[in-house]
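Work through these exercises with the model open in your viewer. Try each task before you read its solution.

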Amino acid sequence: MLKIENLTARYGSIEALHGISLQVDEHEMVSLIGANGAGKTTLLNSISGTVSTTGSISFQGTEILQAKAARIARLGLLQVPEGRHVFPGLTVEENLLVGTVASRGMRLRAGDSSGDMEMVFAIFPRLKERRRQLAWSMSGGEQQMLAIGRALMGKPKLLMLDEPSMGLAPIVIDELFEKIVEINRSGVPILMVEQNARLALKVSDRAYILERGAITAQGPSRQMLRDPKVREAYLGKAVSGSEG
């Protein structure tokens with residue numbers, strides 16, 4: 001589905017990613033873990049077309065390195081950014097409808113979206129209960145569900161999640177990750193950056209460790225859970241805080 005080779009990303013004169021290579025296969029959930037400032041969010045933003053990069057990013061066999069962000073979204077490669085970026089003055093239903101639109105008002109896809117909204121409500125029943133509620137008045141967990149639901153409205157062929165558990169209570173995180181696993185099992189591949197390394201490794205198929213802009217380890221998630229070096233560095237406690 002997604003293949004990245006020798007990817008370098010820069011912010012002006014500063015090189016943030018150094019020769020990254022990774023891939024996400026069909027139906028997989030792949031987690032990306034690392035400390036604050038390792039470059040995890042930069043990598044997702046590079047894939048989405050919002051950071052200056054060199055190398056190769058291939059999505060379903062199509063090179064997208066130089067593609068505009070809107071075109072990448074229309075291809076079905078959709079990102080849920082860190083921080084629950086919902087539209088606070090819009091209702092739940094209106095936020096979801098925004099998920100069918102790319103930049104400049106262009107539809108991500110043609111056709112009636114009512115069936116897709118019912119699909120989102122089936123995954124997140126709480127959103128259906130609050131469909132007329134303004135997003136600003138919802139809890140953090142509900143806003144995160146809404147942000148993911150909005151991306152699902154675009155019919156993603158691959159979904160990228162950036163720190164979905166950030167700032168949420170443990171009981172809410174458990175519920176949210178059950179839904180993320182459900183989405184993946186429905187056939188949507190997922191590339192996930194997650195601060196809770198233990199949880200990310202428990203639910204994903206494979207994982208990459210990113211340190212200072214470079215991949216330093218990769219492999220099956222279950223294997224990484226048992227790796228002494230990974231356990232010492234990331235599993236003694238959940239990786240916490242936001243990542244720039």
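**Exercise 1.** Which residue is the bridge partner of Leu78 in β7?

*Solution.* Note that the model is predicted. Start at Leu78 and step across to β7: the partner is Leu159. Next, count the links between the two strands. β6 and β7 are joined by 4 bridges and run parallel. Now continue from Leu159 into β8, where its bridge partner is Ile190. β7 and β8 also run parallel, with 4 bridges between them. Finally, trace the connection. The chain leaves β7, passes through α7 and enters β8; this β-α-β crossover is right-handed.

**Exercise 2.** Give the strand order of the open sheet of 6 strands, then find its edges.

*Solution.* The order is β6-β7-β8-β3-β9-β10. The pairing is mixed. Read off the ends: β6 (77–80) and β10 (214–220) each have a single partner strand, so one side of each has no neighbour in the sheet. For the twist, neighbouring strands are turned by 15° against each other on average, direction ignored. Then take the β10 end. β9 (206–211) meets β10 through 6 bridges, and the two run antiparallel. Within this pair, Ala207 stands opposite Gly219 of β10. Last, add the helix. α7 (170–185) packs on the sheet and touches β3 (29–33), β7 (158–162) and β8 (190–193). The direction of α7 makes about 155° with that of β8.

**Exercise 3.** Are the two faces of β7 covered or uncovered?

*Solution.* Use the cut-off for buried: under 20% relative accessible area. Side chains alternate between the two faces of the sheet in a regular strand. Check one side: Leu158, Met160 and Asp162 are buried. Check the other: Leu159 and Leu161 are buried as well. Both faces are therefore covered. The tally is 5 of 5 residues buried, so β7 is largely enclosed by the rest of the structure.

**Exercise 4.** Describe the open sheet of 4 strands and place α1 on its strands.

*Solution.* Write the order: β2-β1-β4-β5, with antiparallel pairing. Identify the edges. β2 (14–24) and β5 (62–63) have a single partner strand each, so one side of each is left without a neighbour in the sheet. Look at β1 (2–11) and β4 (52–59): 7 bridges join them. In that pair, Leu2 stands opposite Phe59 of β4. Then place the helix. α1 (40–47) lies across β1, β2 and β4. Its direction runs at about 110° to β1.

Technical notes. Residues numbered from 1 in each chain as written. Predicted model: local features only at pLDDT ≥ 70, side-chain atom pairs only at ≥ 80, totals over all residues. Heavy atoms only, no water. Pairing = 2+ DSSP bridges. Axes fitted to C-alpha atoms, helices over the stretch in contact; angles between N-to-C directions. Contact = heavy atoms within 4.5 Å. Buried < 20%, exposed > 50% of the residue type's maximum accessible area, 1.4 Å probe, protein only. Right-handed = clockwise from strand over helix to strand, strands pointing away.
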